[in-house]
Amino acid sequence: MKISPTDNGCGAEIDGIDLLSMSDDEVEAIADAQAAYGVVFFRDQSLTADDQLAAAQRFGPINVNRFFTPVPEQPQVAIVLKEPHHEVNVGGGWHTDHSYDDAPALGSMLYALEVPSSGGDTLFASMYKAYEALSPGLQRTVEGLRAVHSSRHVFGAEGAYTKEGDERYHNAEQATQDAVHPMVIRHPRSGRPALYVNPGFTVRIDGWTDEESRPLLEYLYGVAAQEEHTCRFRWEVGSVAFWDNRATWHYALNDYPGQRRLMHRVTVDGGTLSPFKGSSLI
């Protein structure tokens, strides 16, 4: 197994691995690399929906997304699809999966079945690097704050997808929960501090109004999305990206009008998040 990090330390490509036949040591090494670099990439995999589910289960229990359409033959695997007639893609903005849950998902394993002839890349941003880019004073400030996350405005009855009548999403009535998380977390595996807010699902700072929250959140988003904190993955059929939702954002580019892009996604369950408080142990 060969692990090749990107130049800026966001993401790493792993060669010499068949996700269907990983040893226990290889699973641990992949989990360590994912925690270190935020996202790991694999090429030339050949996976049925059951195969992908089995591979993801090596890293933890499965979290079935309640809003996405499942694969008919395997309901624990979600379809991520853009047909030629769709103008809006899935995940077309910076976000972190499942931050709206009280116990956010560990990560997501996305597998490419059909890709456009050009375009359709996915961007990732390191929340380790975003935190490190803040001044010491701002680091201390955000370490003491919590933020509210919600799925209502995205998947809910009044959310963007429901209003558009998008058939790729379901169960709008289940988008009623909010969650509150530390704005800087101690990553459960690496122990490193990571910024934990995102433009997709963070709605305000806990105890602050929307108006008071917006300037600080927008500043943090701008820092996090700086190019030196990101990497870009170019998909091929058989490619897999396995990202850590506690350490990264991601953004699926919508730059392939009139073409089809089909992915299968399996989400690995996580747990409650602990705050990071400077050098003290939590």
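Here are some exercises with worked solutions on a predicted model of one protein chain.

## Exercise 1: Get your bearings

Task: Find how many helices and strands the chain has, and what share of its residues count as buried.

Solution:
- Step 1. Start with the elements: there are seven helices and 16 strands.
- Step 2. Turn to burial: 54% of the 282 residues count as buried.
- Step 3. Look at the surface, where about 12,000 Å² is accessible and 49% of that belongs to carbon and sulfur atoms.
- Step 4. Consider contacts between residues at least 6 apart in sequence: 82% of them join residues at least 24 apart.

## Exercise 2: Trace the open sheet

Task: Work out in which order the eight strands of the open sheet are arranged, and how they pair.

Solution:
- Step 1. Follow the order β1-β2-β3-β14-β6-β16-β5-β4, in which the pairing is mixed.
- Step 2. Go to the edges, where β1 (2-5) and β4 each have a single partner strand, so one side of each is left without a neighbour in the sheet.
- Step 3. Begin at β1, which pairs with β2 (residues 12-15) in the antiparallel sense over four bridges. Here proline 5 stands opposite alanine 12.
- Step 4. Move on to β2 and β3, a parallel pair with two bridges. Alanine 12 appears again, standing opposite valine 40 in β3.
- Step 5. Continue to β3 and β14, which are antiparallel and share four bridges. In this pair, valine 39 stands opposite tryptophan 243.
- Step 6. Finish with β6 and β14, which run antiparallel and are joined by five bridges. Tyrosine 111 stands opposite valine 240 there.

## Exercise 3: Look around valine 40

Task: Decide whether valine 40 is buried or exposed, and list what it touches beyond its sequence neighbours.

Solution:
- Step 1. Place the residue: valine 40 lies in strand β3.
- Step 2. Check its accessibility. A residue is buried when its relative accessible area is under 20%. Valine 40 is at 0%, so it counts as buried.
- Step 3. See which way the side chains of β3 point: Val39 and Phe41 go one way, Val40 and Phe42 go the other, and all are buried.
- Step 4. List the contacts of valine 40, leaving out residues up to four places away in sequence: Ala12, Ile14, Ile30, Ala33, Gln34, Val240, Ala241 and Phe242.
- Step 5. Place some of these partners. Val240, Ala241 and Phe242 belong to β14, where Val240 and Phe242 point one way and Ala241 the other. Five of the five residues of β14 are buried, so this strand is largely enclosed by the rest of the structure.
- Step 6. Add the helix in this region: α1 (residues 24-37) lies across β1, β2, β3 (39-42) and β14 (240-244), at about 125 degrees to β3.
- Step 7. Compare sequence with space: valine 40 and glutamate 13 are 27 residues apart in the chain, while their C-alpha atoms are 5.6 Å apart.

## Exercise 4: Find the buried face of α2

Task: Identify which residues of helix α2 are buried and what covers them.

Solution:
- Step 1. Within α2 (residues 49-57), the buried residues are Ala49, Gln52, Leu53, Ala55 and Ala56.
- Step 2. Look down the helix axis: these buried residues fall within an arc of 160 degrees, so they line one face of α2.
- Step 3. Find their cover, which includes β4 (70-71), β5 (74-82), β6 (107-114) and β16 (261-268).

## Exercise 5: Explore the cores

Task: Find how many residues the largest nonpolar core has, and which of them have the most contacts inside it.

Solution:
- Step 1. This core has 31 residues, and those with the most contacts inside it are Met127, Val142, Met183, Val197 and Leu220.
- Step 2. Ask which element gives the most: α7 does, with six residues.
- Step 3. Zoom in on valine 197. Leaving aside neighbours within four places in sequence, its contacts include Met183, Leu217, Leu220 and Trp249.
- Step 4. Apart from this core lies another, of 26 residues, including Val71, Leu106, Met109 and Tyr111.

## Exercise 6: Two positive phi values

Task: Decide whether aspartate 44 and histidine 98 are buried or exposed.

Solution:
- Step 1. Recall the background: most residues other than glycine have a negative phi.
- Step 2. Aspartate 44 has a positive phi, near 60 degrees. Its place is in the loop between β3 and α2, and it is exposed, with a relative accessible area of 66%.
- Step 3. Histidine 98 also has a positive phi, near 65 degrees. It sits in the loop between β5 and β6, and at 1% relative accessibility it counts as buried.

Notes
Residues numbered from 1 in each chain as written. Predicted model: local features only at pLDDT ≥ 70, side-chain atom pairs only at ≥ 80, totals over all residues. Heavy atoms only, no water. Buried < 20%, exposed > 50% of the residue type's maximum accessible area, 1.4 Å probe, protein only. Arc of directions from axis to C-beta. Contact = heavy atoms within 4.5 Å. Pairing = 2+ DSSP bridges. Axes fitted to C-alpha atoms, helices over the stretch in contact; angles between N-to-C directions. Areas by Shrake-Rupley, 256 points an atom, 1.4 Å probe, with all protein chains shown as cover. Core = buried A, V, L, I, M, F, W, Y, C linked by side-chain atoms within 4.5 Å.
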